[in-house]
Amino acid sequence: MTFLSPLPVDPRDPAAILPDLEAAIAGQATFLPVPAEDRTRAQLLRNHMRAGEPIDSPIALVVATSGSTGTPKGAQLTAANLVSSADATHRALGGAGQWLLAMPASHIAGIQVLIRSLVAGVEPLCLDLSEGFSIPNFARAAHELAATGDRSYTGLTPMQLAKAMDSLEGIEALRTFDAILVKVRELGAHHVCVTRGEPLAQKRVHTLLTMLCDAGYDVSLETSGSIDVSAVDPRVSRIVDIKTPDSHESHRNLLSNLDVLTPHDQLKFVICSRADYDWAKDVLAEIPEQLLSYMRTRDIQPRPPPP
């Protein structure tokens, strides 16, 4: 009988779990990876995933979701699932190579980097993430892998990728890799929305948007409307805010953005009052005729005014 065993993952030394992952792939054990540094989450996962109880023997790993929308759920992965995924990734990338682990190995994206290394028969290079993602540490590891002369790969979250592109040191490190897997691919997402704060204030956001488009994603950008959007990759759907007078932010609107909008883009008004509604109608009158024509053919009507 097989039991589900907790597998603490130390962010200082994630490679320590490689023998356990190898045993799981070989059908000798079933593990639940838990973060060693976060005792509260580790205990939550043990309780909800029923660690210590019997589990079907074909299951190699039970990997928890983030739990951001509620109680974490466990994805039950067989050895065949894990090996097939690794093989498919290497085929898509053009062959096996050296891997740099830059994400937590208690999450599925990080675990997959370790599994790919096992399948390829190579020792992964792992970052110490106990103090967070450090560009200098990432750059040193990237150049260390590049010095081997082998193909080199890594996986990053979108935020890690954006952070790396915000400095010359990070950009030079990214260029050493033959391929970079962004976490959105691991999640099976097709649409990526770049948002939070003001994305266009980030130095390398245009590079990020183009990379996501080149990778085949349906990409949108949410922007406050105070920065010129004309340089955004034309494949990106620009969602442009128009601040209304009662927001006390209307002086920040860059109305010249209206001249470059296309039917592929969107305008977003936050209506605070009847006066804002009337003001918004006046702004809509400035929109290029081609966009108004598109709206009419799609029967897109403005919402009724507030009482």
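Which residues line the largest cavity? In this predicted model, the lining of the largest cavity is made up of Leu82, Ser85, Ala86, Gln112, Ile115 and Arg116. The space enclosed there amounts to about 40 Å³, and the count of cavities of 30 Å³ or more comes to 1. Two helices, helix 3 (79-93) and helix 4 (108-120), each supply at least two residues of this lining. By residue class, the lining of the largest cavity divides into 3 nonpolar, 2 polar and 1 charged. Rolling a probe the size of a water molecule over the atoms shows where empty space is left.

The protein chain as a whole has 307 residues, of which 39% are buried. Its secondary structure comprises 11 helices and 12 strands. Among contacts between residues at least 6 apart in sequence, 66% join residues at least 24 apart.

Helix 3 and helix 4 also appear in the surroundings of helix 1. Helix 1 spans residues 18-25, and its buried residues are Leu18, Leu21, Ala23 and Ala24. An α-helix has 3.6 residues a turn, so residues three or four places apart point the same way. The cover over the buried residues of helix 1 includes strand 1 (4-9), strand 2 (30-35) and strand 3 (59-64), together with helix 3 and helix 4. Just after helix 1, Gly27 adopts a positive phi of about 80 degrees.

Open space was examined in addition to the enclosed cavity. The second largest pocket has a volume of about 510 Å³. Its lining consists of 17 residues, and those closest to the centre of the pocket are Pro158, Met159, Ala162, Val194 and Thr195. At least two lining residues are supplied by each of helix 6 (158-164), strand 9 (191-194) and helix 9 (205-214). Helix 6 contributes the largest share of the lining of this pocket, with 4 residues. In terms of residue class, 9 residues of the lining are nonpolar, 3 are polar and 5 are charged.

Strand 11 was considered next. This strand covers residues 237-242, and 6 of its 6 residues are buried. In a regular strand the side chains alternate between the two faces of the sheet. In strand 11 both faces are covered, with Ser237, Ile239 and Asp241 buried on one side and Arg238, Val240 and Ile242 buried on the other. Two parallel pairings involve this strand. Strand 10 (residues 218-223) pairs with strand 11 in the parallel sense over 4 bridges, and Glu222 stands opposite Ile239 of strand 11. Strand 12 (residues 266-269) likewise pairs with strand 11 in the parallel sense, over 4 bridges; here Val240 stands opposite Leu267 of strand 12.

Within strand 11, Ser237 was examined individually. Ser237 has a relative accessible area of 9% and is therefore classed as buried, since the cut-off for a buried residue is under 20%. The side chain of Ser237 reaches the backbone oxygen of His264 at a distance of 2.9 Å. Apart from neighbours within four places in sequence, Ser237 is in contact with Val219, Ser220 and Leu221, and also with His264, Asp265 and Gln266.

Definitions and conventions: Residues numbered from 1 in each chain as written. Predicted model: local features only at pLDDT ≥ 70, side-chain atom pairs only at ≥ 80, totals over all residues. Heavy atoms only, no water. 1 Å grid on protein atoms, 1.4 Å probe; cavity = no way out; pocket = protein on both sides within 12 Å on 5 of 7 lines; lining within 4 Å. Points joined across faces, edges and corners; volume = space filled by probe spheres on them. Nonpolar A, V, L, I, M, F, W, Y, C, P; charged D, E, K, R; others polar. Buried < 20%, exposed > 50% of the residue type's maximum accessible area, 1.4 Å probe, protein only. Pairing = 2+ DSSP bridges. Polar contact = N/O pair within 3.5 Å; in protein donor to acceptor, adjacent residues only side chain to side chain. Contact = heavy atoms within 4.5 Å.
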